[in-house]
Amino acid sequence: MPEPPMQTKEALKRLIKTELNLEDLELEAFGDDMPLFVEGVGLDSLDAVELVILVQKHFQVEIKDMEESRAAFASVRTLADFIDRKRAA
Amino acid sequence: MSAWIHGLGVVGGFGCGRAALEEALAQGRVQPQSLAVPTGQGIVELPAYRADTSPLERFVPKRALRRVDGFARMALLGACLALEDAGLAPAGNAGTGLILASGQGATGSTLGLLDSFFEAGDACASPIHFANSLHNAAAAHLAILLGADGPCITLSQGPRSMAGALLTARLWLEEGRVSQVLVGCVEELSEVMGYAWLKTHGTLLVPGEGAVFFLLKSTPEGARAELGAVELGADSGVWLPRGASHTQIYGSGPMTPGFDVAAACILLQGQIHCLAEEPGEGFGAVTLLPPL
Amino acid sequence: MKPPVAVSGLGCRCAAGDTLGACMESLRLGQRHPVPPVRLHTNHPAPFPVFEVLGFEHPPELLRTSALLLAAAREALRDAGLDEGALGDLRVGVCVGTTVGCALSDEPFCRAFREGQDPNLAPLERVLQNNPAGVLARTFGLGGPCQNVVNACSSGTDAIGLGASWIQAGLCDVVLAGGADELSRITLNGFIALKIVDPGPCRPFDLERRGLNLGEGAAVLVLESEASLLRRRGRARGRVLGYGAACDAHHQTAPHPEGAGLRRAILDALHRAGVEGSELAFVNAHGTGTPDNDRVEGRVFADLLPGIPFFSTKGHTGHTLGAAGAIEAAFTLASLEAGWVPASAGFQTPDPEIGSQPTGRVQTVTGRAALSTSLAFGGNNAAVVFGVAP
């Protein structure tokens with residue numbers, strides 16, 4: 001699987017940090033494979049639905065079913081990959 | 001049955017905490033800050049008493065405040081200060097009741113919610129802004145962060161909101177629903193409410209935002225003041241001598257009745273009556289007495 | 001324990017019917033009509049079904065929420081045999097739950113503000129001056145305490161509990177207690193954004209449930225002291241026996257996974273009512289149709305109240321937010337009085353994760369008491385035990 005373009009991952013990190021108000025998370029420390037939910041970045045179900053809206057707004061990718069896309073939400077890498085695949089389709 | 005005030009927490013243009021309000025009352029006047037209000041003619045700087053909630057860092061880790069909006073931060077700071085004033089920690093408050101009152105609610109988050117779908121369509125409404133725009137969101141943040149898992153209610157009745165909240169607090173104590181309750185009122189001077197103020201009063205009358213919280217118990221030992229009669233009704237009949245209003249310290253507007261009760265709690269040298277009246281709408285009256 | 005409070009009148013206006021009687025008939029027949037909204041419009045790709053009160057007209061200066069409340073209040077007062085012109089002779093309080101009725105969120109106003117058009121303040125003033133409790137107090141010339149409860153989805157239940165306290169404390173002879181909320185684009189957009197709205201008709205407690213449908217409406221209970229009822233030779237339709245409330249203190253939008261606050265609220269209400277769980281004739285659940293709510297609530301019922309029939313009426317009314325607790329209180333009292341409960345609309349397949357299932361058909365019930373539960377965003381849980389008329 002080719003690496004997603006740098007822009008999507010970096011854009012996602014910036015988006016998550018600013019829009020979800022993660023003041024104390026330094027971008028340099030925000031690993032591509034850091035778990036987004038529960039541990040790692042520590043997001044929860046309310047952040048998840050906000051993230052869906054942010055992905056829709058900034059990448060024009062719609063996430064209809066939270067359950068189906070659960071795997072995509074694991075980390076920045078998996079989410080960027082998901083976004084790039086949907087955009088290419 | 002009496003109810004006793006064991007702690008007072010305040011935040012407004014004068015700073016935060018009992019000592020800051022005491023000092024401000026002694027000085028007699030506080031210089032207002034300002035609010036930048038967008039209008040069709042450009043930004044207007046409205047003199048206003050603004051609340052600074054950065055002292056929250058003393059009580060709650062910053063990360064825990066991530067989704068807590070400005071309105072809820074004022075409430076949280078007020079509540080933490082009331083607990084501190086009563087010698088209690090801002091955690092482990094199992095069984096504590098929570099009553100929050102606000103005439104206007106979280107208008108900052110409301111506008112933030114509307115912005116989210118004004119910009120990008122209905123499907124892009126922000127769920128976090130929506131959750132925060134609900135009147136009872138602030139009380140929810142307080143309950144979670146302070147561990148207050150007793151009954152929790154948010155009330156709204158314009159300038160009579162504080163009186164209504166105190167009446168409810170008394171009832172809960174009398175009914176044995178709680179042995180202690182955090183009760184307060186909050187009003188936020190968001191951009192849109194600043195605009196409304198400007199349009200109604202211009203810059204001559206200075207508005208104020210902030211929060212006032214009391215920790216009430218049913219026991220008198222260690223109390224700062226006694227909560228006497230609390231009444232809500234249609235017509236006060238002008239039978240109560242009123243305590244003073246200190247608008248040169250905390251401003252005019254919907255938060256003033258709440259601040260008046262806080263000031264009365266500090267200036268207590270005999271009974272003080274605080275009255276909030278809306279012509280044609282009714283009144284709320286709160287009586288405070290010195291502790292035993 | 002404090003003495004019970006009489007309920008001398010009931011009024012209800014929602015998508016299920018224009019009066020309480022009409023609502024109970026549609027519950028009995030299992031009729032429901034969730035359809036895309038008529039009065040308002042969103043630009044989502046596909047419209048979500050709602051439970052709208054169609055054909056309801058009101059003067060434009062009144063908020064729709066307050067107008068719905070007024071309609072329900074008038075029915076309740078008539079039912080109680082109280083002349084609305086003579087209420088000034090009694091100490092009458094007003095305690096009403098709402099969400100939209102106190103929300104300063106007029107869209108055209110805010111849009112114009114954002115675009116620098118310096119809009120007129122009339123839309124804001126309209127909300128501030130027409131809050132639901134204030135409208136009742138002003139319309140009927142009421143002199144007692146007046147309060148809006150803005151506790152999200154448990155507001156109606158909390159308002160009834162608080163109003164009952166006023167009676168028991170001797171502050172009022174009568175309290176008009178209830179709730180009201182209108183359908184709003186803003187709340188609709190908000191709930192859709194949270195991904196808890198079913199794109200089809202809601203299915204409370206069903207295995208395949210996908211979320212709630214929004215609705216609108218109002219209900220009012222005339223709460224009255226025994227002394228006042230005796231004095232005017234009125235009759236009670238039922239009683240408020242006990243109210244309990246507790247906060248999960250867990251999460252801003254999700255309920256405590258074990259229903260911690262709900263358990264305490266139910267147990268406190270039962271204790272104050274002097275009623276054992278096993279004595280309950282039935283439970284009118286909150287039952288919104290969301291995966292989380294129904295799982296938590298259903299499991300609490302299975303654990304605390306095994307074998308007690310329960311159902312959700314939101315399959316007939318939608319989730320009416322601030323009105324829900326009040327509408328469901330009216331349904332609970334009417335069911336207790338008539339001795340039957342409806343099938344839980346929208347339910348077909350039990351969910352093994354819940355471990356209990358709601359009523360599958362209309363059935364008779366016997367018993368002197370019933371429970372109504374409400375769970376709100378922010379983790380508020382409220383429960384009221386209602387009793388039959390003495």
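User: Two strands pair if DSSP finds at least two bridges between them. Which strand of chain C is joined to β6(B)?

Analyst: This is a predicted model, in which local features need pLDDT of at least 70, side-chain atom pairs count only at pLDDT 80 or more, and totals for chains, interfaces and linings use all residues. Residues are numbered from 1 along each chain as its sequence is written, chains are lettered from A and ligands numbered from 1 in the order in which they are written, and side-chain values use heavy atoms, leaving out hydrogens and water. Helices (H or I, at least four residues) and strands (E, at least two) are DSSP runs, numbered from the N terminus. Two bridges, in an antiparallel arrangement, link β6(B) to strand β3 (residues 146–149) of chain C.

User: And which residue in β3(C) is the bridge partner of B:Ser156?

Analyst: The two bridges run between β6(B) and β3(C). In β3(C), B:Ser156 has as its bridge partner C:Asn148.

User: How much area do chain B and chain C bury between them?

Analyst: Let's start with contact, meaning heavy atoms within 4.5 Å: 61 residues of chain B touch 67 residues of chain C. Buried area is the accessible area (1.4 Å probe) that two parts lose on being put together, summed over both. With 60% of it on carbon and sulfur atoms, the area for this pair of chains is about 5300 Å².

User: Which element gives the most residues to the side of chain B that touches chain C?

Analyst: There are 25 residue pairs in polar contact between these chains, both residues at pLDDT 80 or more. A polar contact is a pair of N or O atoms within 3.5 Å; within protein, one must be able to donate a hydrogen and the other to accept it, and residues adjacent in sequence count only if both atoms are side-chain atoms. Elements giving two or more residues to this side include α3 (107–120), α7 (191–201) and β9 (225–233) of chain B. With eight residues, the one that gives the most is α3(B).

User: Which residue of chain C forms a salt bridge with B:Asp115?

Analyst: A salt bridge is a side-chain nitrogen of Lys or Arg within 4 Å of a carboxyl oxygen of Asp or Glu. Six of them cross the interface of chain B and chain C. For B:Asp115, the closest N and O atoms are 2.8 Å apart, and the partner is C:Arg114.

User: Are the rings of B:Tyr195 and C:Phe113 stacked, edge-to-face or tilted?

Analyst: Rings of Phe, Tyr and Trp (its six-membered ring) pair if their centres lie within 6.5 Å; planes under 30 degrees apart count as stacked, over 60 as edge-to-face and the rest as tilted. Over all chains there are 11 aromatic pairs. Here the centres are 5.3 Å apart and the planes are at 55°, so this pair is tilted.

User: How many residues of chain B are in contact with chain A, and how much area do chain A and chain B bury?

Analyst: On the chain A side, 16 residues take part, facing 14 residues of chain B. Carbon and sulfur atoms give 49% of the buried area, which is about 1300 Å².

User: How far apart in sequence are the parts that C:Arg209 and C:Asp351 tie together?

Analyst: Their side chains meet in a salt bridge (2.8 Å, N to O). C:Arg209 lies in the loop between α7 (185–193) and β5 (217–224) of chain C and C:Asp351 in the loop between β9 (340–341) and β10 (363–364) of chain C, so the separation in sequence is 142 residues.

Note on methods. Contact means heavy atoms within 4.5 Å.
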